[in-house]
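Me: Hi! Could you walk me through this one with me? I'll just ask things as they come up.

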Amino acid sequence: MAKRVKTKREKRLQQLMTLIIVAIVSCILNLVLMVGGSFTYFSMKDLKEDFATMKEEYSERTMLLESYISQLTYEKSQLLEEEEPVREETNVNEVNYDTGKIAYLTFDDGPTDLTPKVLDVLAEYNVKATFFIKGVMIKYHPDLLNRIVEEGHTLGNHTVTHKYEEIYTSTEALKAEILENNRRILEQTGVVVTAFRFPGGSSNSMFATYSDEPLENWLNLIDDLGMEYYDWNVSSLDATGTLKTPDEIYNAVISGCGNSSQVTVLMHDVNTNTSTLEALPRIIETLQEMGYSIQPITSTSKPVQHRTVQ
Ligand SMILES: [Zn+2]
């Protein structure tokens, strides 16, 4: 296990190095194009204005790339400083020492109008959770992403569109969605996201519905991106069938926990889920009474996965 973690960390470092090199090369290319732009500026006066605009765009892009480089460099230095992580041991630090139990509350598909209310409840109980963000929603509630980060919760990637018929046509399509969502989240918050949740979970039947690619391609993609995917082992049932009452949501979660020492609870951060919001305080209280330490997902959390590469 320790060996596997080390390999992944090395791969992540390698990917960071590649990204940094790509970004540096892009900067140099921008410079060359700017010089080219200046040359044309002197020789063809009628194109003066166009090139001025181009130069501005190029320097903006260069600035963006520079900030991306510094973000990646920072992350790289953090990784280098980090002691080699060992999942089992790190998890021990997070669990309730008396019971050895840990619970991850996860909210998918936001941000929405419900998010601030969910955040208020979490703040009231001083409990941290994980939000798997749908990229198309960011532009409606950009500040909520910052609030999620500022209040100590984890941001996860849940693709941009969440449309099965688009994201699951090929691993290339899914990759583009994940990278674009990472870019949007990074741009808004400065956070480099490494947690991913497949829309429908890794056990969804949509890979096979929309493509011929084998399952391992989909699962390996996440690893290739230096990310990890997190499914769930407890569903609040707040996205299935008819709208549930707060009692139904509460009962689904609590009975779903059974005797598990580690639970990842699936909930949905959508406007219609007022029942989830209403049930949340009781869910938190009961989980804590059951001996669970409620934690946000971090890179050291042991993921619940419906399907893994054999
Ligand atoms: Zn979803």
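Me: Let's start with V253. Which residues does V253 touch, leaving out those up to four places away in sequence?
Reply: V253 touches V234, S236, V265 and I283. Keep in mind that this is a predicted model.

Me: And which residues have the most contacts inside the largest nonpolar core?
Reply: They are A103, V253 and V265, in a core of 57 residues. Two of those names you have just met, since V253 touches V265.

Me: Zooming out, how many helices and strands does the protein chain have?
Reply: Eleven helices and eight strands. The chain has 310 residues, and 32% of them count as buried.

Me: What share of the contacts between residues at least 6 apart in sequence join residues at least 24 apart?
Reply: That share is 80% in the protein chain.

Me: OK, on to β1. How many of its residues are buried?
Reply: Eight of eight, so to speak the whole run of residues 101–108. Both faces of β1 are covered. On one side you have K101, A103, L105 and F107, and on the other I102, Y104, T106 and D108.

Me: Which strand pairs with β1 over seven bridges?
Reply: That's β7, residues 262–268, and the pairing is parallel. T106 has L266 as its bridge partner there.

Me: How many bridges join β1 to β2?
Reply: Three, and the two strands run parallel, with β2 covering residues 130–133. T106 turns up again here, with T130 as its bridge partner in β2. Between β1 and β2 the chain crosses through helix α4, residues 115–124.

Me: Is that crossover right-handed or left-handed?
Reply: The β-α-β crossover is right-handed.

Me: What about β8, in which sense does it pair with β1?
Reply: In the parallel sense, over four bridges, with β8 spanning residues 292–295. A103 stands opposite I294 there, and A103 is also among the residues with the most contacts inside the largest nonpolar core.

Me: Change of topic: where is D247 found?
Reply: In helix α10, which covers residues 246–257.

Me: Why does D247 count as exposed?
Reply: Because D247 has 12 other C-beta atoms within 10 Å, and a residue is exposed if that number is 12 or fewer.

Me: Last one: how far apart are D247 and R282 in space?
Reply: They are 9.6 Å apart, C-alpha to C-alpha, with their positions 35 residues apart in sequence counted as the separation.

Key:
Residues numbered from 1 in each chain as written. Predicted model: local features only at pLDDT ≥ 70, side-chain atom pairs only at ≥ 80, totals over all residues. Buried ≥ 20, exposed ≤ 12 C-beta atoms within 10 Å, placed from the backbone. Contact = placed C-beta atoms within 7 Å. Core = buried A, V, L, I, M, F, W, Y, C linked by C-beta atoms within 7 Å. Pairing = 2+ DSSP bridges. Right-handed = clockwise from strand over helix to strand, strands pointing away.
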